[in-house]
Amino acid sequence: MDKVPPVAWWLDPGRSGGQIVEQAVHVLDLARVLVGEVSMVHAVPGGTPVDGEIDRATSAVLRFSGGAAGLLATSCLLTRKHRVGLEVCADGIALELSETRLLVDGHRAIEDDGRAKTRVDREFINAVQGKAADVRVPYGEALRTHRLALALARSAAEQRPVMLDDQ
């Protein structure tokens, strides 16, 4: 739940994946790690579409291969960042993950020291430059998450559920 980033190319679907591919992909990555692979998505665009631009809001239902159901909501209709995160409710536990905190069962919090984004960006730049980097996710995993984001974008564009192949 955020604003449109201040770069001209971001709203152009030919140059940007929009909210799901450019931003929500990180939440989808977390969901895959914590819940598992997704077998079906059904995304619905919202807001008032502007011809030739990406959707400004999307809601989606995800069916995970293990039987869990998930909900995704994205928006770039706001004037500032409101929230980025993932909530997981499972047998006997509730987790809330944001960019700066993990909250377990509503009371046990683990806070970021404020340097996580900087460290991740530094490792990414090191990897791109061919330097030693602490890259913890294999390329194939990143590609699986990217395919999931593309399936959501396709579902919203086609206004129908999309089944994902076994990855």
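Two strands are said to pair here if DSSP finds at least two bridges between them, and that is the sense in which I will speak of bridge partners this morning. Please keep in mind throughout that this is a predicted model.

Let me start with the strands. Strand 2, which covers residues 57–64, is joined to strand 3 by 7 bridges, and the two run antiparallel. As an example from that pairing, Thr58 has Thr74 in strand 3 as its bridge partner. The hairpin of strand 2 and strand 3 has 4 residues between the strands, and in that hairpin Gly67 takes a positive phi near 110 degrees. Strand 2 also pairs with strand 1, again in the antiparallel sense, over 8 bridges, and there Met40 finds its bridge partner in Arg63 of strand 2.

Between strand 1 and strand 2 there is a loop, and in that loop sits Arg56. Is Arg56 buried or exposed? Its relative accessibility is 18%, and because buried means under 20%, Arg56 counts as buried. If we leave aside neighbours within four places in sequence, the residues in contact with Arg56 include Val4, Leu11, Gln19 and Val50, together with Thr74, which we have just met, and Ser75, Cys76 and Leu77.

Gln19 brings me to helix 1, where Gln19 is one of the buried residues. Helix 1 takes in residues 18–35, and from its first C-alpha to its last it reaches 24 Å, close to the 26 Å expected. There is nevertheless a kink in helix 1 of about 60 degrees, centred on Ala24, and Ala24 is itself buried, as are, among others, Val21, Val25 and Leu28. In an α-helix there are 3.6 residues a turn, so residues three or four places apart point the same way. As for what covers the buried residues of helix 1, the list includes strand 2, strand 3, strand 4 and helix 3. Just after helix 1, Gly36 takes a positive phi of about 120 degrees.

Finally, a word on helix 2, residues 116–128, which is where Glu123 has its place. With a relative accessibility of 26%, Glu123 counts as partly exposed, and, not counting residues up to four places away in sequence, Glu123 touches Ala132, Ala133 and Asp134. How far apart in space are Glu123 and Thr145? From C-alpha to C-alpha they are 19 Å apart, with their positions 22 residues apart in sequence as a separation.

Definitions and conventions: Residues numbered from 1 in each chain as written. Predicted model: local features only at pLDDT ≥ 70, side-chain atom pairs only at ≥ 80, totals over all residues. Heavy atoms only, no water. Expected span 1.5 Å × (residues − 1). Bend = angle between axes of the 7 residues up to and from the residue. Buried < 20%, exposed > 50% of the residue type's maximum accessible area, 1.4 Å probe, protein only. Contact = heavy atoms within 4.5 Å.
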